[in-house]
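The following exercises are to be worked through with the sequence and the structure in view. Each task is followed by a solution in steps.

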Amino acid sequence: MTRVEVDEDLCQGHAMCEVEAPSVFRVPKTGIVEVIGDITADNLEAVRSAVKHCPSRALSLKES
């Protein structure tokens with residue numbers, strides 16, 4: 001099972017994650033990223049792209 005971790009101290013609200021995987025991430029106008037959906041086989045590549053393109057490196061994937 002793959003899950004995403006958010007380092008709230010690093011998140012600057014750029015919302016690149018929401019652009020890459022809107023079914024999993026939401027970024028309020030003022031605030032940090034919220035994980036709103038599950039990682040599935042259908043969206044795993046989009047989530048990986050979101051992690052890769054996070055400007056502040058606030059996201060990471062963990063396998064369990």
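**Exercise 1.** Determine whether Thr-2 is buried or exposed, and describe its surroundings.

*Solution.* Step 1: Thr-2 has a relative accessible area of 18% and is therefore buried, where buried means under 20% and exposed over 50%, with partly exposed in between (1.4 Å probe, protein chains only). The model is predicted: local features need pLDDT of at least 70, side-chain atom pairs count only at pLDDT 80 or more, and totals for chains, interfaces and linings use all residues. Residues are numbered from 1 along each chain as its sequence is written, and side-chain values use heavy atoms, leaving out hydrogens and water.

Step 2: Thr-2 belongs to strand β1, residues 2–6; a strand is a DSSP run of E with at least two residues, and a helix one of H or I with at least four.

Step 3: Apart from neighbours within four places in sequence, Thr-2 is in contact (heavy atoms within 4.5 Å) with Ile-39, Leu-44, Leu-61, Lys-62 and Glu-63.

**Exercise 2.** State how many helices and strands the protein chain has, and in which order the elements run.

*Solution.* Step 1: There are two helices and four strands in the protein chain. Step 2: Starting at the N terminus, the order is β-α-β-β-α-β.

**Exercise 3.** Describe the extent and burial of the protein chain.

*Solution.* Step 1: The C-alpha trace spans about 30 × 20 × 15 Å along its principal axes. Step 2: Of the 64 residues, 30% count as buried.
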